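Reader: I would like to go through this structure and ask what the labels rest on. Where do we start?

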Amino acid sequence: MRKLFTLLLLIAIAFSARSQTTGDYSGTVTDGKNEPIAGASVYLLNTNYQTSADRSGKFILKSITSGKYTLHISAIGYAAKNIPVNMIGTSRPITIQLNDASNQLDEVTVSAQKTEEQAQRVPFSISTLSAKQIQDYRLWDLKDLTAIVPNLNSGAPGDGRTVTGIRGIVTTSYDPAVATYVDGVNQYGLDTYIPQLLDVDRIEVLRGPQGTLYGRNATGGVINVITKQPSNTLSGFAGVDVGNYNQQRYTLGIKAPLVKDKLYLGVAGIYSGFNGFYANTFNSTHFDKQHYFLGNYYLKFLATSKLAFTLNVKNYNNRNNGAFTLAGSPDEALSHPFQVNQNATTKMIDNTFQSSLTANYSGSDFNFTSQTSYQVNNRYYTTPIDGDFSPIDAVSIVNNYGGKWNKVKTTIQEFRFTSPASSTSKLKWAAGTYGFYHYAPNKQGTYFGDDAAAVGSPISDFTSINTNTDRNYGLAVYGQATYSVSEQFDVTAGLRYDYEHKKENIMGEFLPNGGESMVTRSDTSSTAHYKAFTPKVSLAYHVSAHNNLFATYSRGFRAGGITELGSDPSSPPLYSFKPEYSNNYEIGSKNDFLDNRLRVNVTAFYTRVTDAQVPTLVLPDAITITKNAGKLSSKGIEAEINATPIKGLEFDYNFGYTHARYTTLVVGSNGEDVNLKGNKQIYTPNITSMLALQYGYDLGGPLKTKLIARGEWRYLGDQYFDLANQIEQKGYSKFNARVGVSTKRFGLFFWESNIANKKYIDYAYDFGATHLGNPRTYGVSLNTTF
């Protein structure tokens, strides 16, 4: 792999050495009053050319190869703008005027198709959130995207993991249905995934299957999180958030040039903790008192104006004194909210480390990107955790078997070539290779105590130990091209081939209290191979520069696998299940009106899932057994409306409707097959609706002081939590508010979430254990930037 990377890099450098016409591009960035905007970011999309305006608003980009580019200009408090640039030698200095963000919407740039482009011209459904919107919504966790993105819903059982579905495509297994990428790194599974948000530049949510460019486990869509990178400008931020339940959150970050125009450093971190929402009535203590630290570190080296290297490291360390805040049933959870009664209490240790090395070359013939990433997660309970969610000594789960167990490791390598930013060709393309290796040695014991008879065990005081070791690797090649038939009409086609190999080793043991371990299932293994083709075709018609129509077909797949060793005789181990496929058809319209004061995007979709993977939780082992059990049909509509109707007033409304049912579904229950044809999909509200209104009253002055008031209404429709459709949460509303004052550098806000203190089911298992959504919370936030 290293030799191949070196060869590709030498080829790129060879091309860069060719004689080419270059020139400088300079100008001044001003506001509506022709006052200079110091620190404005100026960036040529899909290149390494980036700078910041000086105190006079002036900037210069040097030695740019001739060609056509898109210039992206942004500044805090102003609406971002994209400008086409035709470079032929050195150009005359220009003046670029940015409008106040309260008067105009951003011209959003995304990298959804592996190249940077305007979001409104991407021919499929995509929702974006800027750094400002992330702050306005007070997004601290990816789970908070629920309803902000149409037809997206996230739930969590309380242990820090998140189950996310889009358009009725969802899973409760370790292979997600919605792929998450953070700074280009695929968060391989629920173990290695980092849900917390820190110093984020933007979030892109791609709705619908994205198998062609993103591969496995993108059947429902993709969430792209892009954090802020360091540049030539010294900048930083700090924030303090405090609230009820002793909530505390401290953020701090700095970005600086170590060597101007060459070497840049970025460091950011969060420490967060609270006393927990739940009380354990068994011993009258806070049950889920927890805290975590998240760090994000960048080192960027600009070798030349065309070649850059970026080293990124993240570490996430979570401590939870009471994971799985679950009541025994929905009725119990709602009648005694935020109470559990568990005799086995413990501390969850959850450590995640991620690193990536990225090389970016932007040339006149092609752009090249190489990204190598490594992820490791070690997650365990210091003492056994309650497995029956009750005060009796029946079942508890043991997984603290030493450092080599329950330590998941993943390595990923991607090479990508794309058409150059300066290309004047009608053909834009992207092609690449992707490979990964995943190792998951999991050892878990199910302990049956003195009260084991209450859960059907004929004997007590023993531990059943299951060892499941997963080794998995995969390779893929992909390509996608867009051809502009005319200025109004584009055609896009793509194809990806994935090959995956899995090997599962299992072993079972019986350990009586005070005795020696006995092997009940000798070390046995099984292998399986999978391959998948995922095509994509789309048509885009640009009615005008601000009005676009599209129609898209896309396919996604969720990887197959091998079942683990558990106690259910109807679910034997080492059973191979096939990949799940989703085929999506959608048509839509994207529109900007009134000089970018109003944006209206509308989409209709139909998705068909075959070989649907249905995971079943096997108790008391707490092991998930997955089978191909049926077919699913999902259809619906989505609308996103953003507007700044008058100065200072921001209006956002997002709506989604999903009708997702199983057209065939046969599952096992107590050794028998049960036909659940026609039942609705789990974790899928039929409606998601979000309305946000924010008004900023400008007090003026040198500090540019504003009084800001914001209100939000979110509504989630009816949803089920089990395939039998017996556990249901009826539609409900939540209201949030935020008021405060902001200046050019400071912000002070008072906030409140779930103002009416609505009690609702956020997550429930099919056997009834239930976790509620967060109660009413409130607090104050103080932040500063420099």
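Author: With a definition: two strands pair if DSSP finds at least two bridges between them. The model is predicted, and in it an open sheet of five strands has the order E10-E15-E16-E13-E14, with mixed pairing.

Reader: What makes strands E15 and E16 a pair?

Author: At least two bridges are needed. Strand E15 (residues 200-207) and strand E16 (residues 221-227) are joined by seven, so they count as paired, and they run antiparallel. Within this pair, Val205 is opposite Ile223 of E16.

Reader: Why are E10 and E14 called edge strands?

Author: Strand E10 (126-130) and strand E14 (185-186) each pair on one side only.

Reader: What makes the pair of Trp140 and Trp751 edge-to-face?

Author: Ring centres must lie within 6.5 Å, and planes over 60 degrees apart count as edge-to-face. For Trp140 and Trp751 the centres are 6.0 Å apart and the planes stand at 80°, so both conditions are met. The pair links distant parts of the chain, 611 residues apart: Trp140 is in the loop between helix H2 (131-136) and strand E11 (152-155), and Trp751 is in strand E48 (residues 746-753). Both Trp140 and Trp751 are buried.

Reader: Why is the pair of Tyr765 and Phe767 called stacked?

Author: Stacked requires planes under 30 degrees apart. Tyr765 and Phe767 have 20° between their planes and 5.5 Å between their centres, so the pair is stacked. Tyr765 and Phe767 also belong to a cluster linked by ring pairs, together with Phe389, Tyr683, Phe721 and Tyr763.

Reader: Is Tyr765 buried or exposed? And what is Phe767 called?

Author: Buried means under 20% relative accessible area, and exposed means over 50%. Tyr765 has 16%, so Tyr765 is buried. Phe767 has 32%, which falls in between, so Phe767 is partly exposed.

Reader: How do you know that Arg738 sits over the ring of Phe749?

Author: One condition is that CZ of Arg is within 6 Å of the ring centre. Arg738 is at 4.0 Å from the ring centre of Phe749 and lies over its face. The charged end of Arg496 likewise sits over the ring of Tyr434, at 5.5 Å from its centre.

Reader: What is the model's confidence along the chain?

Author: The mean pLDDT is 91, and 95% of the residues reach 70 or more. Over residues 13-19, however, pLDDT stays under 50. Where pLDDT is low, the predicted coordinates should not be read in detail.

Technical notes
Residues numbered from 1 in each chain as written. Predicted model: local features only at pLDDT ≥ 70, side-chain atom pairs only at ≥ 80, totals over all residues. Heavy atoms only, no water. pLDDT = per-residue confidence, 0-100. Contact = heavy atoms within 4.5 Å. Helix = DSSP H or I, 4+ residues; strand = E, 2+ residues; numbered from the N terminus. Buried < 20%, exposed > 50% of the residue type's maximum accessible area, 1.4 Å probe, protein only. Lys NZ or Arg CZ within 6 Å of the ring centre and 35° of its normal.
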